[in-house]
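Please open the model in a viewer and keep the selection tool at hand. The stops below are to be taken in order.

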Amino acid sequence: LNIPLQSVDRIEWALRTAWTTLLCVIFVLFVEDMLAIPTAGSFLAQVISVVGTFNTLGPSLQVVCQACVGAFIAAICALITNSIFNGNEIGSGFAIFLISFGFGVFDLHPLNKKLGLALALISILTEVQNPELPSSNGFRLLLTVIIGATITIFGVSFPRTRTTGNLIAARLRDLSIA
């Protein structure tokens, strides 16, 4: 069977994406309720798993690590804001302005900026809409990003395809020659 390599890569990526999607569905159906994850959390894990799925582990690790860093920064920003302003609309709005400015000024990876700012906004505005929620709401969203990252890494790592084995063998052979 003589299939072009580009088609094989596309099929492998599609199968890995479908595999991580299936793992996220299993998470939503059976695990989500036990962890007290917010309603949007399951969708966030799904988004992270789709964004982070590649044919090989290297790019997937880079993307999910950047997503986790951005979500951690957002959780810290939201915790500080929610602890100081405790759901006050004007204070939280000013904090959102400063956080947006901070994400724009600092030299961060684009995924850190976009995902981190979005999660910070969600966490702060959730506190404004519902002040009786705990101030650590951003860390529950961080948990869903970590779960999506774990599902992505598992989905990309297993099952290991024959093309991945050939790539590893070729790299080891190139290193032994050099």
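A residue is called buried when its relative accessible area is under 20%, exposed when that area is over 50%, and partly exposed in between. This scale is needed for several stops, the first of which is Ile-146. Please bear in mind throughout that the model is predicted.

**First stop: one residue in α6**

Select Ile-146, which belongs to helix α6. Is Ile-146 buried, exposed or partly exposed? Its relative accessible area is 38%, so Ile-146 is partly exposed. Now add Cys-68 to the selection and display the C-alpha atoms. Between Ile-146 and Cys-68 the C-alpha distance is 6.3 Å, although 78 residues separate the two in sequence.

**Second stop: the whole chain**

Return to the full view and colour by secondary structure. The chain holds seven helices and zero strands, and its pattern along the sequence reads α-α-α-α-α-α-α. Of the 178 residues in the chain, 35% are buried. How many of the contacts between residues at least 6 apart in sequence join residues at least 24 apart? The share is 75%.

**Third stop: α3 against α6**

Select helix α3, residues 57-85, together with helix α6, residues 137-157. The axes of α3 and α6 approach to within 8 Å, and their crossing angle is roughly 175°. An angle over 145 degrees counts as roughly antiparallel, so α3 is roughly antiparallel to α6.

Next, show the side chains where the two helices meet. On the α3 side, the contact includes Leu-57, Leu-61, Val-64, Cys-68, Phe-72 and Leu-79. On the α6 side, the residues include Phe-139, Leu-142, Val-145, Ile-146, Ile-153 and Val-156. Cys-68 and Ile-146, selected at the first stop, are thus both among the residues of this contact. By class, the contact of α3 with α6 comprises 17 nonpolar residues, four polar ones and no charged ones.

**Fourth stop: α3 against α4**

Keep α3 selected and replace α6 with helix α4, residues 89-105. How do the axes of α3 and α4 lie, and at what angle do they cross? They come within 10 Å and cross at roughly 155°; α3 and α4 are therefore roughly antiparallel to each other. Their crossing is right-handed.

To display this contact, pick Ile-73, Cys-77, Thr-81 and Phe-85 in α3. Their counterparts in α4 are Gly-91, Ser-92, Ala-95, Ile-99 and Phe-103. Six nonpolar and three polar residues make up the contact of α3 with α4, and no charged residue takes part.

**Fifth stop: the aromatic rings**

Finally, show the aromatic side chains. A search of the whole structure gives three aromatic pairs. One of them is formed by Trp-19 and Phe-154, whose ring centres are 6.5 Å apart and whose planes stand at 35°, so this pair is tilted. Trp-19 lies in helix α1, residues 5-30, and Phe-154 lies in helix α6; the pair thereby links parts of the chain 135 residues apart. Both residues are partly exposed, Trp-19 with 30% relative accessibility and Phe-154 with 39%.

Extend the selection to Phe-158. The ring centres of Phe-154 and Phe-158 are 5.2 Å apart with planes at 50°, so this pair is tilted as well. Phe-158 has a relative accessibility of 48% and counts as partly exposed. The tour ends with Trp-19, Phe-154 and Phe-158 selected at once, as they form one aromatic cluster.

Conventions: Residues numbered from 1 in each chain as written. Predicted model: local features only at pLDDT ≥ 70, side-chain atom pairs only at ≥ 80, totals over all residues. Heavy atoms only, no water. Phe/Tyr/Trp six-rings, centres within 6.5 Å; stacked < 30°, edge-to-face > 60°. Helix = DSSP H or I, 4+ residues; strand = E, 2+ residues; numbered from the N terminus. Buried < 20%, exposed > 50% of the residue type's maximum accessible area, 1.4 Å probe, protein only. Axes fitted to C-alpha atoms, helices over the stretch in contact; angles between N-to-C directions. Parallel < 35°, antiparallel > 145°, perpendicular 65-115°, else oblique. Left-handed = near helix turned anticlockwise from the far one by under 90°. Contact = heavy atoms within 4.5 Å. Nonpolar A, V, L, I, M, F, W, Y, C, P; charged D, E, K, R; others polar.
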